[in-house]
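Biologist: Please take one part of this structure, the place where charged side chains pair with one another, and look at it closely. I would like to know what each pair holds together, and how that part sits within the whole.

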Amino acid sequence: MRKIMAVWDANPLYAERLADFANERGRIPFRAVAFASAERLKEYAGKHSVEILLAGWEVPQEELKEIRARQIIYLGEERRADPSRLPSVYKYQNSDRLMREVMACYEGAEGEESVSIAGRGRIIGVYSPVGRCRKTALALTLAQVWKEEERTLLVTLEDCSGLQEMTGETYGECLSDLLYRYRHGGSCWERIGAFVYTWGNVDYIPPARYPEDLEGVSGVELAGFLEDLAAESGYGVIVVDVGQMGRQAAEILESCDAVYMPVLEDWVSRAKVKEFETYLEKSGREGVLAMLEKLKLPAGARTLSGENYPEQLLWGELGDYARRLMRGGRDRGEE
């Protein structure tokens, strides 16, 4: 059962729009409810458990004391936080960023592992030992196609994914921070919204800050992290863009429910694929070998670029290809 996030602001229209945004995007593990008056909120809080109350700056603090809410987060009027009203988030900013800050402020109940468990989601791996095969483009496209039917999250394990350069975003917390929390026993999943960004139709976790942050994590640990992410985050599908990670890549692919491998037809590319398949066989990973689906992706009629790059992929030739791929997986009973 999703917990309640109440929104109470002096401007009822703002509260309604913020609550609608939170519910529509579905990226936080709460159901947001807007309130226009103290009376309505008090009545509601008396009958329901309110986990977070987002309170406008002009709301009298005396009235807040009468509201039963586990945590109060203020909607600040100024970018600089008032020490007397912490935690707080800046009210007049991009709603995506505001919600990330709310989740970063959220203090889950002590000992609580997760607030939104909907069964283990599917993990879709996208990997290839071949370079320049449009692997990342396929991962971006699959994440959007799956999102048409299920909550879908993209995770990239590339050393240099290019995402920050392509999106123009300035990231706060990223995969490095989430992995650190996970490996050191900190609470992760109830605050997953603090780590999720959106580019076009793609929900994604920003890549690791430095390549060294991934080098220090074993493939087994990364596989466990992905499995827990799929089980605890509330996302129905996790699309993983697996980088060139040597032995780690094979260990990560073992956690996947499907693995798509874009390939090319030239002699060198075929040799690389054969060598990877031989490695899987000799290392006892026949399960991954059997799961691999080699794909010859459409080349595309033109070079795509720009801030609407994900949308170009989704509605272009690769988007149609990914939809057929998804339908084919269902026909084979992979879901």
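**Charged pairs and the sheet**

Modeller: Glu221 is partly exposed, with a relative accessible area of 31%, and in this predicted model Glu221 makes a useful starting point, as its side chain meets that of Arg183 in a salt bridge with an N to O distance of 3.2 Å. Arg183 belongs to helix H7 (residues 175–183) and Glu221 to helix H9 (residues 219–232), so this pair ties together parts that lie 38 residues apart in sequence. Arg183 is likewise partly exposed, its relative accessible area being 40%.

Another pair can be set beside this one. Arg285 forms a salt bridge with Glu251, and the closest N and O atoms are 3.7 Å apart. Here Arg285 lies in the loop between helix H11 (267–282) and helix H12 (286–291), while Glu251 lies in helix H10 (residues 247–253), so the pair ties together parts 34 residues apart in sequence. Arg285 is buried at a relative accessible area of 11%, and Glu251, at 12%, also counts as buried, the cut-off for that word being under 20%.

A further pair brings us to the strands. The side chains of Lys91 and Asp9 meet in a salt bridge at 3.0 Å, N to O. Lys91 comes from the loop between strand E5 (88–90) and helix H4 (95–105), and Asp9 from the loop between strand E1 (3–8) and helix H1 (12–25), so the contact ties together parts that are 82 residues apart in sequence. Lys91 is buried, with a relative accessible area of 6%, and Asp9, at 3%, counts as buried as well. Counted by the rule of a side-chain nitrogen of Lys or Arg within 4 Å of a carboxyl oxygen of Asp or Glu, there are 20 salt bridges. Among the charged residues are also Lys3, Glu51 and Arg70, which are linked in a network of salt bridges.

The strands named so far lead on to a sheet. An open sheet of five strands has the order E2-E1-E3-E4-E5, and its pairing is parallel. Strand E2 (30–35) and E5 stand at the edges with a single partner strand each, so one side of each is left without a neighbour in the sheet. On average, neighbouring strands of this sheet are turned by 25° against each other, when direction is ignored.

Within the sheet, E1 and E3 run parallel and are joined by five bridges. Two residue pairs can be picked out to follow in the model: Met5 stands opposite Ile52 in E3, and Val7 stands opposite Leu54 in E3. E3 also pairs with strand E4 (residues 69–76), in the parallel sense and over six bridges, and here Val50 has Ala69 in E4 as its bridge partner. In strand E3 (residues 50–56), seven of the seven residues are buried, so this strand is largely enclosed by the rest of the structure.

Helices lie across this sheet. H1 lies across E1, E2, E3 and E4, and runs at about 165° to E2. H4 lies across E1, E2, E3, E4 and E5, and runs at about 170° to E5. These are the helices that follow the loops of the pair discussed above, as Asp9 sits in the loop between E1 and H1, and Lys91 in the loop between E5 and H4.

To place this part within the whole, the secondary structure of the protein comes to 14 helices and twelve strands. Of its 335 residues, 53% count as buried, and of the contacts with a separation of 6 or more, 71% are between residues 24 or more positions apart. The C-alpha trace spans about 75 × 40 × 40 Å along its principal axes. A compact globule of 335 residues would have a radius of gyration near 20 Å, and the 22 Å found for this protein agrees with that. The accessible surface comes to about 16,200 Å², with 47% of it belonging to carbon and sulfur atoms.

Technical notes. Residues numbered from 1 in each chain as written. Predicted model: local features only at pLDDT ≥ 70, side-chain atom pairs only at ≥ 80, totals over all residues. Heavy atoms only, no water. Helix = DSSP H or I, 4+ residues; strand = E, 2+ residues; numbered from the N terminus. Buried < 20%, exposed > 50% of the residue type's maximum accessible area, 1.4 Å probe, protein only. Pairing = 2+ DSSP bridges. Axes fitted to C-alpha atoms, helices over the stretch in contact; angles between N-to-C directions. Contact = heavy atoms within 4.5 Å. Rg over C-alpha atoms; globule rule 2.2 N^0.38 Å. Areas by Shrake-Rupley, 256 points an atom, 1.4 Å probe, with all protein chains shown as cover.
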